[in-house]
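Student: I'd like a close look at the core of this protein, please. Could you take me through it piece by piece and then step back to the whole?

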Amino acid sequence: MKYEAERRALIQTALEIYESQLVVGTWGNVSLRLPAEEAMLITPSGMDYKVLDIEDPVQVSLDGSRIQGRWKPSIETPLHRRIYLAMPEVGAICHVHSPYASAYAVAGQAVPVVLEETAQVVGHAIEVAPYARCGSEELAEGTMQFLKGKRAVLLANHGLVAAGKDLADALKICYIVEKTARVSIMARLLGQVRELSKEDINALQHDFTFYGQSKDHT
Ligand SMILES: [Zn+2]
């Protein structure tokens, strides 16, 4: 079967968002770009991540004209397609409904850059794209406008979209945004949320990008 390694990695990531409680049930979706095909592989719609088989991920061309697979692709396929078309640097996308990021999405507030990890991995506040119903072209269009040039965006009353260079990167963005949302809510309960300055964010990002060995544990 073609793209066996990519299919396995996609299933593994889908399983991880479920087991890490970034989603419950069959919600959320994951995709990766297939550069040679002008296409992506995406999780099928409404299927239990625990039983996904190598043949289950669906291949969809980026113009939407060709769908190959035995199941319907994720309902958020229009959103994923638009991101790959508009952002050539993106190799994989994770969309999750994690609770603390969702709290910000419901409150209509951006997740602030309050941790060094947030500065290093994301590098910007995670803003909220306007509400539109799941799976709609309107949601895809509105979300793109907020995500372009960035790494993550909140969907109002819905969840989080992370756009990474590969699956591990997209997953890491989800974990860091969720942790940042959680910590900033707790800090607010303690009294004060102190954000990092723009200057510190830029310096942290620069160091993180250019000093390979400091990658995950600075
Ligand atoms: Zn969703």
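Tutor: Happy to! Contact here means heavy atoms within 4.5 Å of each other. Keep in mind that this is a predicted model, in which local features need pLDDT of at least 70 and side-chain atom pairs count only at pLDDT 80 or more, while totals for chains, interfaces and linings use all residues. Residues are numbered from 1 along each chain as its sequence is written, and side-chain values use heavy atoms, with hydrogens and water left out.

Let's start at Thr180, which lies in helix 6 (helices are DSSP runs of H or I with at least four residues, strands are runs of E with at least two, and both are numbered from the N terminus). Thr180 counts as buried because its relative accessibility is 0% (buried means under 20% relative accessible area, exposed over 50%, and partly exposed in between, with a 1.4 Å probe and protein chains only). Beyond its neighbours within four places in sequence, Thr180 is in contact with Val111, Pro112, Val114, Leu115 and Thr118.

Now to the core itself. A nonpolar core is a set of buried Ala, Val, Leu, Ile, Met, Phe, Trp, Tyr and Cys residues joined through side-chain atoms within 4.5 Å. The largest one has 40 residues, and Ile17, Ile126, Leu154, Leu160 and Val177 touch the most other members. Two or more residues each come from helix 1 (4–19), strand 1 (29–34), strand 5 (92–96), helix 3 (99–107), helix 4 (116–122), strand 7 (152–155), strand 8 (159–164) and helix 6 (167–190). Helix 6 is the biggest giver, with eight residues in this core.

Ile126 makes a good place to look around. With neighbours up to four places away in sequence set aside, Ile126 is in contact with Ala110, Val111, Thr118, Ala152, Val153, Leu154, Leu160 and Val177. There is also a second, separate core of 21 residues, which includes Leu62, Leu79, Leu147 and Ala163.

Val177 turns up again when you centre the view on Val122, a residue of helix 4. Val122 counts as buried because its relative accessibility is 2%. In sequence Val122 and Val177 are 55 residues apart, yet their C-alpha atoms are 7.8 Å apart in space. Not counting residues up to four places away, Val122 touches Glu117, Arg151, Ile173, Ile176, Val177 and Gln205.

Next, swing over to helix 2 (77–86). Seven of its ten residues are buried, so helix 2 is largely enclosed by the rest of the structure. Those seven are Thr77, Pro78, Leu79, His80, Arg81, Ile83 and Tyr84. Around them pack strand 1, strand 2 (39–42), strand 3 (58–61), strand 5, helix 5 and strand 8. Thr77 has a relative accessible area of 8%, so it is buried. Outside its sequence neighbours up to four places away, Thr77 touches Met40, Ile42 and Val60.

Helix 5 (residues 137–147) shows the packing from the other partner: its buried residues are Leu139, Ala140, Gly142, Thr143, Met144 and Leu147. The cover over them includes helix 2, strand 6 (128–129), strand 7 and strand 8. After helix 5 comes Gly149, with a positive phi near 80°.

Two loops deserve a glance as well. Most residues other than glycine have a negative phi. Gln21, although not a glycine, has a positive phi of about 60°; Gln21 sits in the loop between helix 1 and strand 1. With a relative accessible area of 63%, Gln21 is exposed. Asn157 is not a glycine either, and its phi is positive at about 55°; its place is in the loop between strand 7 and strand 8.

Finally, the whole. The protein has seven helices and eight strands, and buried residues make up 49% of its 218 residues. Among contacts with a separation of 6 or more, 63% join residues 24 or more positions apart. The radius of gyration is 17 Å, which agrees with the value near 17 Å that a compact globule of 218 residues would have (taken over C-alpha atoms; the globule rule is 2.2 Å times the number of residues to the power 0.38). Along the principal axes, the C-alpha atoms fill a box of roughly 50 × 40 × 30 Å.
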